[in-house]
Amino acid sequence: MRGVVMHKAGDVRVEERDDAKVIEPTDAIVKLTATCICGSDLWPYRGIEPADHQAMGHEYVGIVEEIGSEVKNVKVGDFVVGSFVISDNTCEICQAGFQSKCVHAEFVAQTIGTQAEKARIPHADGTLVATPGQPDPELIPALLAASDVLGTGWYAAVAAQAGPGKTVAVVGDGAVGLMAVLAAKQLGAERIIAMSRHLERQKLARYYGATDIVEERGDEGVAKIKELTNGLGAHSVIEAVGTQESFMQAIGATRGGGHLGYVGVNYDVNIPGIDLFFAGIHTLGGPAPVRRFLPDLIQLIWDREIDPGKVFDLTLPLEQAAEGYKAMDERRATKVMLTL
């Protein structure tokens, strides 16, 4: 089968990979309809993470083609959306709502690799969620977004306790940040401040529910948030970037007793303990338990109540994946969908 392989930093190729096959009785083989490139895929692309002939991709939707003998929740022919972390959805941690820390957790990225024609999904019963029927083609991008960026943005908003009467500040205008804006709106936030310097992303943030745009960054960004919130800071802050500056900006923008939800994959971020101590805030984040939210998110999409698919601003065939990576790396695209 054809699939994306990152040979080394900056070297992405579409080539023949081993066919996906059922290995364990809990496996399912999904013939992928669409996949995409994530901002986190840029870490190895830029050489920040190691890259050595890795199978790429962790966001996916498609049709179940084959199942193992113990798979009960999905059947051949189902259209499914899967999480970017494998989970059994039955262990104590899963039952507590943190499927991304399942005792059987396995990252789909750089192991299974779903930027491909097919994928073997372990623990299919706990990882895949079938849609109510075969989706109309126009729903495919939205369902694909649910596989990671929508679920991640939603988790960030929940972690930050976005809700009625709250002011929410979103640090980061990439796909996850934009989905966090959407989530905060759906959760009933009164005011949503999107921090962005990118005109097209500002427009999309407004579409998804942002009431204010802040272009300042760092200390100036924190000062602007406080200016907009009577000197207090936001009740709920979402960190969706993962850099030192963005994380410290998020901490600084959170009011005393407020909640910070952090989901930006970070490297070399060092939080001075004294700063966190005196911030006096709640923090929750990490890899999003997308599986917790998938059933509800799929239904919202199915009922046309939300359209996260607008976050894809470039669509390419799988064979042109290298151009998709380049476009995202150069910020010419917010998020690239790959079709099969």
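Is Ser-87 buried or exposed? Let's work through that and a few other exercises together.

This is a predicted model, in which local features need pLDDT of at least 70 and side-chain atom pairs count only at pLDDT 80 or more, while totals for chains, interfaces and linings use all residues. Residues are numbered from 1 along each chain as its sequence is written, and side-chain values use heavy atoms, with hydrogens and water left out.

**Exercise 1. Describe the surroundings of Ser-87.**

Step 1: locate the residue. Ser-87 sits in the loop that links strand 7 (85-86) to helix 2 (92-95). Helices (H or I, at least four residues) and strands (E, at least two) are DSSP runs, numbered from the N terminus.

Step 2: check its accessibility. Ser-87 has a relative accessible area of 0%, so Ser-87 is buried. The cut-offs are under 20% relative accessible area for buried and over 50% for exposed, with partly exposed in between (1.4 Å probe, protein chains only).

Step 3: list the neighbours. Apart from residues within four places in sequence, Ser-87 is in contact with Cys-94, Gln-99, Cys-102, His-123, Gly-126, Thr-127 and Arg-291. Contact here means heavy atoms within 4.5 Å.

Step 4: look at the side chain. A polar atom of the Ser-87 side chain lies 3.1 Å from the backbone oxygen of Gly-126.

**Exercise 2. Find the pairing partners of strand 3.**

Step 1: start with burial. Strand 3 covers residues 28-37, and eight of its 10 residues are buried.

Step 2: recall the principle. Strands of a sheet pair through backbone hydrogen bonds, either parallel or antiparallel. In this exercise, two strands pair if DSSP finds at least two bridges between them.

Step 3: take strand 5 (residues 60-67). Strand 3 pairs with strand 5 in the antiparallel sense, over seven bridges. Ala-28 stands opposite Ile-67 of strand 5, and Val-30 has Val-64 as its bridge partner in strand 5.

Step 4: take strand 9 (residues 118-121). Four bridges connect strand 3 and strand 9, again in the antiparallel sense. Here Val-30 has Ala-119 as its bridge partner.

Step 5: take strand 18 (residues 336-339). Strand 3 and strand 18 are antiparallel too, with four bridges, and Thr-35 is matched with Leu-338 as bridge partner.

Step 6: follow the pairing onward from strand 5. Four bridges join strand 5 to strand 6 (residues 79-82), and the two run antiparallel. Tyr-60 stands opposite Gly-82 in strand 6.

**Exercise 3. Write down the strand order of the open six-stranded sheet and identify its edges.**

Step 1: read off the order. The open sheet of six strands follows 13-12-11-14-15-16, with parallel pairing.

Step 2: pick out the edges. Strand 13 (212-214) and strand 16 (282-285) are the edge strands, as each pairs on one side only.

Step 3: add the twist. On average, neighbouring strands of this sheet are turned by 20° against each other, direction ignored.

Step 4: inspect one edge. Strand 12 (residues 191-195) and strand 13 run parallel and are joined by three bridges; Ile-193 has Asp-212 as its bridge partner in strand 13.

**Exercise 4. Place helix 9 and the residue Ala-250.**

Step 1: set helix 9 against the strands. Helix 9 (residues 244-253) lies across strand 11 (167-171), strand 12, strand 14 (234-239) and strand 15 (254-262), and runs at about 145° to strand 15. Axes are lines fitted to C-alpha atoms, for helices over the stretch in contact, and angles run from 0 to 180 degrees between N-to-C directions.

Step 2: zoom in on Ala-250, which is found in helix 9. Its relative accessibility is 0%, so Ala-250 counts as buried.

Step 3: list what Ala-250 touches. Not counting residues up to four places away in sequence, Ala-250 touches Val-171, Val-237, Glu-239 and Leu-260.

Step 4: compare sequence with space. Ala-250 and Ala-169 are 81 residues apart in sequence, and their C-alpha atoms are 8.3 Å apart.

**Exercise 5. Characterise two helix pairs by angle and distance.**

Step 1: treat helix 8 (residues 218-228) and helix 9. They pack at an angle of about 25°, with axes 9 Å apart. Helix 8 and helix 9 are therefore roughly parallel, a label for angles under 35 degrees (over 145 is roughly antiparallel, 65 to 115 roughly perpendicular and the rest oblique).

Step 2: name the residues that meet. Gly-218, Val-222, Ile-225 and Lys-226 of helix 8 meet Glu-245, Gln-249, Gly-252 and Ala-253 of helix 9.

Step 3: repeat for helix 6 (residues 175-186) and helix 7 (residues 199-208). The angle is about 20° and the axes are 8 Å apart, so helix 6 and helix 7 are roughly parallel to each other. Their contact involves Leu-178, Met-179, Val-181, Leu-182 and Lys-185 of helix 6 and Arg-201, Leu-204, Ala-205 and Tyr-208 of helix 7.

Key:
Polar contact = N/O pair within 3.5 Å; in protein donor to acceptor, adjacent residues only side chain to side chain.
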